[in-house]
Amino acid sequence: MMFPPATRGHYPMLLALSLLGLYVSYGYPAEDEDYYMQELLTREHYHRVPSAEEITASSAEGQGSHNRESPSRKVPRSRAENGKQPAKVGTEAKAGVRNGNKKAEKNKKGSLKVPSNSNEAETQIKSLREECPPMGLETLKIDDFQLHASTMRRYGLGAHRGRLNIQAGLYEDDFYDGGWCAGRNDPLQWFEVDARRLTKFTGVITQGRSSLWSSDWVTSYRVLFSNDSHTWVMLRNGSKELIFPGNKEKEIPVLNLFTQPVVARYIRVNPRSWYNSGSICMRVEVLGCPMPDPNNYYRRRNEVTTTDNLDFKHHSYKEMRQLMKVVNEFCPNITRIYNIGKSYNGQKLYAVEISDNPGEHELGEPEFRYMAGSHGNEVLGRELLLLLMQFMCQEYLSGNPRIRHLVDETRIHLLPSVNPDGYDKAFEVGSELGGWSLGRWSQDGLDIHHNFPDLNTILWEAEARKWVPRKIFNHHVPIPEWYQSKNATVAVETRALIAWMEKIPFVLGGNLQGGELVVTFPYDRSRLVGVTRQVTPTPDDHVFRWLAFSYASTHRLMTDASRRVCHTEDFAKEDGTINGASWHTAPGSMNDFSYLHTNCFELSMYVGCDKFPHESELPEEWENNRESLLVFMEQVHRGIKGVVRDFQGRGIANAIISVEGISHDIRTAADGDYWRLLNPGEYRVTVRAEGYNPSSKEIMEKFGKQPINMPNRRLQMRPI
């Protein structure tokens, strides 16, 4: 974890099916060998992984197999120091998927144990397969100009749309559809990826077309390779061409690992059969390791690296809990581990508090929260919060003044896994094979993020009948009785969250989600019934827009106008932010509930196009989001704050803080302290409490456009 850095895995250069060897064996003339073929000639020798037939034959002849160094994975040093061995190929998952294959045993001389039958040979072959990470079709590291196809049905179904897990959305159109679809249905069609450099290819993952109206997928395909995009070599098993099984439906990804890695620049997928009632349509990810080539013109530009010494890996529930313990052991004076309840399957919902006085609410100190994983398959947010707690502990210990000020002046709560049951489902199959929705819902099938009571309708109906504020307040809208009954369709995780939100006087919060690059803010539900998209602002719309922009503008990609859209929406045109209801209306959202039932302003951060990025992507994703995570936390101090007391100096709880011109009030906490998020400006603030005369203050803007800050401002009230 933390503290000792994770060591980088070393991948030995292995070439089991060399294109050079294929060219020679098939009699291609030397003049066809281009620059990349010459590169192969000058590189170090690659050992070939034997086929199953060769291993079996070797067994019959009593001969041993080739020696091969097992590539190590990137494992935190702290684990190795604890006596645990680094994970090895065969004990980890395919492209992030766990499997049960064990590493081949070695004899005393170091050679591979010779299998006694073909089944054992197949097992050994699987253990020998070196697995490379995804090249980045889903994460957009592979740009549109690197994707080509034989034909396309229309532009919206072109090769640039043939990315794993890309979504078509509700409105399929000529620009943003859900996959690549060939213009004709015949065996001559192909989908091509140009790696722009020599790459060791180890596998392909496929899906069908994302569509609400069509059913299209490929049921089998061949794979071909080239170094010049003109001369192609088919992947074979001996003299037979390899036909890989494709998909049986359109959403579940299917992984095919090559028996032997192949080094080339280009890779093609050639569909051979497809769903009888559909067409040739695919979404694809390719597994590949770029070969060392610092002089290559197409070397990845703007490559992001991190210097932070953190545990960049996907954590199981047990590992997450252990990491929290390690953070607490390193920083016992500023951290505390607690749980807010349990999941449907009985797993505790752990949170980490970071504060200079953990376990206590300090008078005048605002409370902030980050949570992630309400959708269990949106894993990036979970790992970002685990990285954040490590980072803050490290930086606090090293004396970073920014982090020390944040910790000393704020009580921070990090809840990384709201839906651990759903996460377990996604984690079991791995980063690329869960599709778009496996693990999204709670164990009992509920969407936790949209499982809160619909308080919008209650407030809007009261406003229409002019019951506000006579019968109902414009804030702290009560939860309906039916929702609190035991028979209500409410997830146990949602009930735990509500109790947590009511117990602690949170001021600002963010929930991290995935699958897009945008920050959304309330309201999430449109006022007009039946309207799927409608801008529906809150009375604090100007504040919410600033809060959203504070995160998006400091993210490395959200406001980059040159970046490719994740799916169908170009949010960069809107500065990386959007009103939730104008994107898609959703009643009962966590954000709307937090705003209407508590003092807390809650926003949703969609932190990456890929919901479950490969482990190798985590350092870059951390760099993308680190500054945003810190800047957004700092916004909890924006606005006015103070304490409401009576003339005996006692704090008045539940007093109403009103700002003239904003029809949304907040209330004081148990000790009379309050925090009202506001943008710079001039305001008239009024305080009301039952049994006391109202008290007002004029808040004047000072220091130009600097945020208003009223530390420990007392508003004294006389009893009636």
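This is a short tour of one aspartate and several aromatic rings in a predicted model.

Start by selecting D524, in the loop that runs between β18 (516-521) and α13 (541-552). D524 is buried but has no salt bridge. The nearest side chain of opposite charge belongs to R525, 11 Å away. Now add S589: its side chain and that of D524 are joined by a polar contact of 2.8 Å. To see the surroundings, show the residues in contact with D524 beyond four places in sequence, among them G580, H584, T585 and D592.

Next, select Y523, in the loop between β18 and α13, together with Y595 in helix α15; these residues are 72 apart in the chain. Which residue counts as buried at 3% relative accessibility? That is Y523, while Y595 counts as buried at 0%.

Turn then to the aromatic pairs, of which the structure holds 26. One of them is formed by F452 and F593, a tilted pair with 5.2 Å from centre to centre and 35° between the planes. F452 is in the loop between α9 (420-429) and α10 (455-464), and F593 is in helix α15 (residues 590-597), 141 residues apart. Both rings' residues, F452 and F593, are buried. Go back to Y523 and Y595: their ring centres are 6.0 Å apart and the planes stand at 70°, so this pair is edge-to-face.

For a group of rings, select F201, Y221, F225, F244 and F258, which ring pairs link into a cluster.

Finish with two charges over rings. R404 lies over the face of Y396, 4.2 Å from the ring centre. At W467, the charged end of K471 sits over the ring, 4.7 Å from its centre.

Note on methods. Residues are numbered from 1 along each chain as its sequence is written. This is a predicted model: local features need pLDDT of at least 70, side-chain atom pairs count only at pLDDT 80 or more; totals for chains, interfaces and linings use all residues. Side-chain values use heavy atoms; hydrogens and water are left out. Helices (H or I, at least four residues) and strands (E, at least two) are DSSP runs, numbered from the N terminus. Buried means under 20% relative accessible area, exposed over 50%, partly exposed in between (1.4 Å probe, protein chains only). Lys and Arg count as positive and Asp and Glu as negative; His and the chain ends are not counted. A salt bridge is a side-chain nitrogen of Lys or Arg within 4 Å of a carboxyl oxygen of Asp or Glu. A polar contact is a pair of N or O atoms within 3.5 Å; within protein, one must be able to donate a hydrogen and the other to accept it, and residues adjacent in sequence count only if both atoms are side-chain atoms. Contact means heavy atoms within 4.5 Å. Rings of Phe, Tyr and Trp (its six-membered ring) pair if their centres lie within 6.5 Å; planes under 30 degrees apart count as stacked, over 60 as edge-to-face and the rest as tilted. A charge sits over a ring if NZ of Lys or CZ of Arg is within 6 Å of the ring centre and within 35 degrees of the ring normal.
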